[in-house]
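Here is a short tour for anyone opening this structure for the first time. Have a look at it, then read on.

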Amino acid sequence: MRVFLKIDNYFNYGWVKLNAALLYECIDATLIKMIHELLLALSGYPGSIFTWNKRTGLQVSQDIPFLHPSEASVLNRLCKLGSDYIRFTEFIEQHTGHVHQQEHHSNPPSQAGLNGIYLRAFCTGLDTMLQPYRQALLDLEQEFLGDPHLTISHVNYMLDQFQLLFPSVMVVVETIKSQKIHGCQILETVYKHSCGGLPPVRMALEKILAVCHGVMYKQLAAWMLHGLLLDQSEEFYIKQGPSAGGAAANQEEEEEDLGIGGLSGKQLRELQDLRLIEEENMLAPSLQQFSLRVEMLPSYIPIRVAEKILFVGESVQMFENHNHSPSRAGSILKHQEDLFAAELHRLKQQPLFSLVDFENLIDGIRSTVAEHLWTLMVEESDLLGQLKIIKDFYLLGRGELYQVFIDHAQHMLKTPPTAVTEHDVNVAFQQAAHKVLLDDDNLLPLLHLTIDYQGKEGKDPTGTREGATPPQDSSPREVPPTGWAALGLAYKVQWPLHILFTPAVLEKYNVIFRYLLSVRRVQSQLQHCWALQMQRKHLKSNQTDAVKSRLRNHMAFLVDNLQYYLQVDVLESQFSQLLQQINSTRDFESIRLAHDHFLSNLLAQSFILLKPGFDSELRYWDII
């Protein structure tokens with residue numbers, strides 16, 4: 001009996017032992033299969049054990065009975081990496097198409113509002129950032145093929161370096177998606193998130209930023225070296241057209257009195273931003289107007305550097321489009337395009353953006369362009385002679401010419417202008433020029449008096465230029481009370497001086513011209529009154545004549561002193577300072593800034609901006 005019991009116990013024990021071995025073998029096979037499926041899921045290919053949900057992401061199945069809660073926690077922690085990786089690949093696929101799209105996360109090709117070359121560059125950098133993660137998964141697969149008994153903890157250990165990296169980069173991706181970050185704004189977004197204290201995150205975002213900078217350097221090379229704005233999606237911080245401005249940003253500065261004849265900051269900014277008016281008359285159709293798109297400018301690139309970039313590109317484009325005599329003008333970059341292109345390529349290859357190196361290169365290109373423009377305008381195009389012409393005709397430097405013209409045109413400009421007034425006025429101007437022996441036959445054809453009257457189609461006496469933008473103000477204008485109020489002066493500026501004397505600048509000169517001419521007319525009328533009074537002085541006078549004489553004396557005293565102040569203290573003084581500044585530099589930008597200040601000071605110190613300073617009296621004399 002005991003023998004049978006021993007045999008029976010032996011067989012029962014052996015059966016349990018055999019079942020346990022089979023069970024452990026099945027569990028090991030299941031674990032190996034699960035680990036391989038885990039690696040596939042982390043690579044973006046979910047299955048039955050690790051499932052994908054668009055809302056919750058990648059998760060381990062709850063139907064596996066032998067998983068300990070701690071193991072499930074480790075697996076779900078790894079699943080977060082897989083979820084981020086799948087979302088990264090979705091984002092890359094949507095905007096580049098470089099990654100094969102999976103059925104479990106198929107999406108439309110792109111989201112509305114998200115496009116452009118900077119976004120594609122960001123996706124390229126993001127894909128490069130994911131390469132170490134993919135390599136880590138391949139290494140893990142090889143390790144498990146060599147040693148099937150490795151555990152899930154080993155997977156967690158090998159991928160632990162990505163547990164901080166992926167969530168931080170996902171914040172950048174979600175920011176771009178939710179706020180529809182576009183163009184160079186992507187540079188700003190990546191830069192801000194790369195300034196954190198986690199080295200792996202900082203290094204990864206810096207690599208992505210370097211790829212995005214490659215696009216910027218290509219646009220810079222096209223713009224600064226060839227004058228080409230390659231920006232179909234409006235992503236660059238240079239744009240075609242006038243600047244939108246930011247009135248609300250500097251409200252206090254704009255309203256502050258600068259102490260220049262009552263000139264406020266806002267008025268000075270408007271006067272110095274002379275390129276905001278559309279260039280209609282003297283420019284060829286191919287010369288476009290460009291400005292900064294400040295909202296696209298990354299914060300680590302100062303505005304002063306962006307303005308230099310804008311100046312260089314505008315100058316190169318002007319030269320490329322208007323260089324009618326290459327043998328005379330030569331290359332605006334002095335044939336250093338290859339050198340500057342190599343320097344830009346060198347900066348592009350740097351892993352980190354260096355503002356010092358970047359600004360030094362921009363300064364070098366700008367200095368080359370500015371010096372060449374100075375030589376071309378001052379030495380070859382006789383800028384000083386052109387300024388003398390501007391002073392003689394717009395600023396009434398040839399006083400004897402305008403005195404004779406006033407006498408000739410007084411009768412035809414006392415009444416509202418008609419269609420023939422402009423022709424008659426120009427005939428009178430030619431007669432006055434011959435009378436004062438103005439014998440420059442090449443100069444007079446460049447000058448043309450204009451009359452802006454109601455019903456006139458355009459201000460350009462030569463007709464509407466093909467490709468020019470029509471005037472935006474189509475509302476009916478008031479009929480000028482006299483021809484003097486509608487009088488203007490047009491001057492055909494020769495290339496390349498048109499980049500300094502733009503239509504906007506000439507319009508400011510026209511404002512001063514009409515004002516100075518009005519003062520001269522008032523002075524002439526007062527002198528005529530004095531002559532009439534002298535003719536009647538032998539006659540018996542009454543109290544009314546004495547009052548008129550005193551009134552004329554007071555008005556003559558005021559106008560004579562005003563005329564002296566304008567011609568000597570303002571015009572001559574400011575013009576001498578302008579010439580001194582031009583002769584003391586070899587930089588075109590310095591010349592343009594000095595000229596802008598010269599024009600602004602003329603408008604401010606001549607009381608033109610102070611409306612009550614001249615309206616009432618001059619309007620009275622306009623009627624006479």
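## Starting point: Ala-594

This is a predicted model, and our tour begins at Ala-594, which sits in helix α20, residues 588–605. Is Ala-594 buried or exposed? Its relative accessibility is 8%, and since anything under 20% counts as buried, Ala-594 is buried.

What does Ala-594 touch once its neighbours within four places in sequence are set aside? The answer is Leu-578 and Gln-581. Gln-577 makes a handy marker here too: 17 residues separate Gln-577 from Ala-594 in sequence, and the C-alpha to C-alpha distance is 8.9 Å.

## The whole protein

Now let's step back. The protein has 624 residues, and 44% of them count as buried. Its secondary structure adds up to 21 helices and eight strands.

How do the contacts spread along the chain? Take the contacts between residues at least 6 apart in sequence: 76% of these join residues at least 24 apart.

## Helix α3 and its partners

Two packed helices can be described by the angle between their axes and by how far apart those axes are. Helix α2 (residues 69–95) packs with helix α3 (residues 117–129) at an angle of about 145°, and their axes are 9 Å apart. The crossing of α2 and α3 is left-handed. On the α2 side, the contact uses Phe-88, Phe-91, Ile-92 and His-95, while α3 brings Leu-119, Arg-120, Phe-122, Cys-123, Leu-126, Asp-127 and Met-129. Sorted by class, the residues of this contact of α2 with α3 are eight nonpolar, one polar and two charged.

Helix α3 also meets helix α7 (residues 185–193), with axes that come within 9 Å and cross at roughly 35°. Here α3 offers Tyr-118, Leu-119 and Phe-122, and α7 answers with Ile-186, Leu-187 and Val-190. What classes do the residues of the contact of α3 with α7 fall into? Six are nonpolar, with no polar and no charged residues.

## Two buried residues and their neighbours

Leu-165 belongs to helix α6. With a relative accessibility of 7%, Leu-165 counts as buried. Beyond the residues within four places in sequence, Leu-165 is in contact with Met-129, Pro-200, Val-201 and Ala-204. Met-129 has come up already, as one of the α3 residues that meet α2. Leu-165 and Leu-205 lie 40 residues apart along the chain, with 9.6 Å between their C-alpha atoms.

Tyr-237 is in the loop between α8 and β3 (238–240). Its relative accessibility is 1%, so Tyr-237 counts as buried. Not counting residues up to four places away in sequence, Tyr-237 touches a long list of partners, among them Cys-184, Met-216, Leu-220, Ile-309 and Phe-358. Ser-291, Leu-292 and Arg-293 are also included in that list. Arg-293 is 56 residues from Tyr-237 along the chain, and their C-alpha atoms are separated by 4.6 Å.

## Two loop residues with positive phi

Most residues other than glycine have a negative phi. Lys-180 is not a glycine, yet its phi is positive, about 50°. You'll find Lys-180 in the loop between α6 (162–179) and α7. At 44% relative accessibility, Lys-180 counts as partly exposed.

Leu-396 also has a positive phi, near 60°, and is a residue other than glycine. Where does Leu-396 lie? Look in the loop between α15 (383–393) and α16 (399–413). Leu-396 has a relative accessible area of 3%, which means that Leu-396 is buried.

## Cavities

Rolling a probe the size of a water molecule over the atoms shows where empty space is left. How many cavities of 30 Å³ or more does the structure hold? There are two. The second largest cavity has a volume of about 40 Å³.

The lining of this second largest cavity consists of Ala-210, His-213, Tyr-217, Leu-347, Lys-348, Gln-350, Pro-351, Leu-352 and Phe-353. Both α8 (199–226) and α13 (337–349) supply at least two of the lining residues. The largest share, three residues, comes from α8. By class, the lining of the second largest cavity has six nonpolar, two polar and one charged residues.

Key: Residues numbered from 1 in each chain as written. Predicted model: local features only at pLDDT ≥ 70, side-chain atom pairs only at ≥ 80, totals over all residues. Heavy atoms only, no water. 1 Å grid on protein atoms, 1.4 Å probe; cavity = no way out; pocket = protein on both sides within 12 Å on 5 of 7 lines; lining within 4 Å. Points joined across faces, edges and corners; volume = space filled by probe spheres on them. Helix = DSSP H or I, 4+ residues; strand = E, 2+ residues; numbered from the N terminus. Nonpolar A, V, L, I, M, F, W, Y, C, P; charged D, E, K, R; others polar. Axes fitted to C-alpha atoms, helices over the stretch in contact; angles between N-to-C directions. Left-handed = near helix turned anticlockwise from the far one by under 90°. Contact = heavy atoms within 4.5 Å. Buried < 20%, exposed > 50% of the residue type's maximum accessible area, 1.4 Å probe, protein only.
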